[in-house]
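Colleague: Please take me through the sheet in this model, strand by strand. I would like a close look at how the pieces meet, and then at what surrounds them.

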Amino acid sequence: MKKLFLSLIAAGLLLSACNQSAKTASTTDSSSSKGAVVATNAPVMKFEYSMHDFGKITQGDKVNYKFNFTNTGKSPLIISNAVASCGCTKPEWPSAPIKPGETGQINVTFNSAGKSGLQDKLITITANTNPPQNAVHLVGEVLNKK
């Protein structure tokens, strides 16, 4: 009798757990359809060039480049962060919102001290876009000092 009672309780818990996950999945699906409406109005970060080749430089030189972009979306673009793949590369971004149709710049400085050979620095920009991250590349070659 004890085994039968415990088996019924276990089966009931198992069925209620399966039913709960089905409710959670349907709730997630309905909320994602609401997000699609918002995504159509989201800002869009369109870069003039997503990669810049600075060519060949001597070890220790610094390279600056400004990645120009336009907000081609329907709402103001707000950049919350920009991170480089290496500490030798420093991005700077505008703190003010970029209105639809307006342009902005991500200013990137690469310090080649202690570097040599081919370089590819990835800069990841986080903003209120969909998807929330965009990336640009700074590439080139660092030659050893003679």
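Modeller: One definition first. Two strands count as a pair if DSSP finds at least two bridges between them. Keep in mind that this is a predicted model.

With that rule, four strands make up an open sheet. Their order is E1-E3-E6-E5, and the pairing is antiparallel. In general, strands of a sheet pair through backbone hydrogen bonds, either parallel or antiparallel. E1 (45-47) and E5 are the edge strands. Each has a single partner strand, so one side of each is left without a neighbour in the sheet. From one strand to the next, the twist averages 30°.

Now to E6, which covers residues 103-111. E6 pairs with E3 (residues 62-71) in the antiparallel sense, over nine bridges. Two positions help you find the register. Thr70 lies opposite Thr103 in E6. Phe69 lies opposite Gly104 in E6. E6 also pairs with E5 (residues 89-92). Here four bridges join the two strands, again antiparallel. In this pairing, Thr89 has Phe110 of E6 as its bridge partner.

Which E6 side chains are buried, and which are not? They alternate along the strand. Gly104, Ile106, Val108 and Phe110 point to one face and are buried. Thr103, Gln105, Asn107, Thr109 and Asn111 point to the other face and are not buried.

Next, the core. The largest nonpolar core has 24 residues. Those with the most contacts inside it are Phe47, Phe69, Ile106, Phe110 and Ile125. Two of these names, Ile106 and Phe110, are on the buried face of E6. Several strands contribute. E1, E2 (51-58), E3, E4, E6, E7 (117-127) and E8 each supply at least two residues of this core. E3 gives the most, with four residues.

Look at Ile125 in more detail. Leaving aside residues up to four places away in sequence, Ile125 touches Met45, Phe47, Ile79, Asn81, Ala82, Ile106, Pro132, Gln133, Asn134 and Val136. Ile106 of E6 is therefore one of the contacts to follow, being on the buried face.

Val136 is the next stop. Val136 sits in strand E8 (residues 133-143). Its relative accessible area is 0%, so Val136 is buried. Beyond residues up to four places away in sequence, Val136 touches Phe47, Ser50, Phe67, Lys121, Leu122, Ile123 and Ile125. The C-alpha atoms of Val136 and Tyr49 are 8.1 Å apart, although 87 residues separate them along the chain.

Phe67 also takes part in an aromatic pair. The count comes to three aromatic pairs. One of them joins Tyr65 and Phe67. In general, a pair of aromatic rings is described by the distance of the centres and the angle of the planes. For Tyr65 and Phe67, the values are 4.8 Å centre to centre and 80° between the planes. That makes the pair edge-to-face. Tyr65 and Phe67 are both buried.

Now the loop that leads into E5. Ser85 lies in the loop between E4 (79-84) and E5. Ser85 touches Asp120, Lys121 and Leu122, again without residues up to four places away in sequence. The C-alpha atoms of Ser85 and Asp120 are separated by 8.9 Å, with the two positions 35 residues apart along the chain.

What about the cysteines Cys86 and Cys88: buried or exposed? The cut-off for buried is under 20% relative accessible area. Cys86 has 19%, so Cys86 is buried. Cys88 has 13%, so Cys88 is buried too. A search of the whole structure finds zero disulfides.

One more loop joins E7 and E8, and Pro131 is found there. The peptide bond from Asn130 to Pro131 is cis, with omega near 5°.

Finally, step back to the whole protein. Its secondary structure comes to one helix and eight strands. Along the sequence the pattern reads α-β-β-β-β-β-β-β-β. Of the 146 residues, 27% count as buried. Among contacts with a separation of 6 or more, 65% come from residues 24 or more positions apart.

Conventions: Residues are numbered from 1 along each chain as its sequence is written. This is a predicted model: local features need pLDDT of at least 70, side-chain atom pairs count only at pLDDT 80 or more; totals for chains, interfaces and linings use all residues. Side-chain values use heavy atoms; hydrogens and water are left out. A disulfide is a pair of cysteine sulfur atoms within 2.5 Å. Buried means under 20% relative accessible area, exposed over 50%, partly exposed in between (1.4 Å probe, protein chains only). Axes are lines fitted to C-alpha atoms, for helices over the stretch in contact, and angles run from 0 to 180 degrees between N-to-C directions. Contact means heavy atoms within 4.5 Å. Rings of Phe, Tyr and Trp (its six-membered ring) pair if their centres lie within 6.5 Å; planes under 30 degrees apart count as stacked, over 60 as edge-to-face and the rest as tilted. A nonpolar core is a set of buried Ala, Val, Leu, Ile, Met, Phe, Trp, Tyr and Cys residues joined through side-chain atoms within 4.5 Å.
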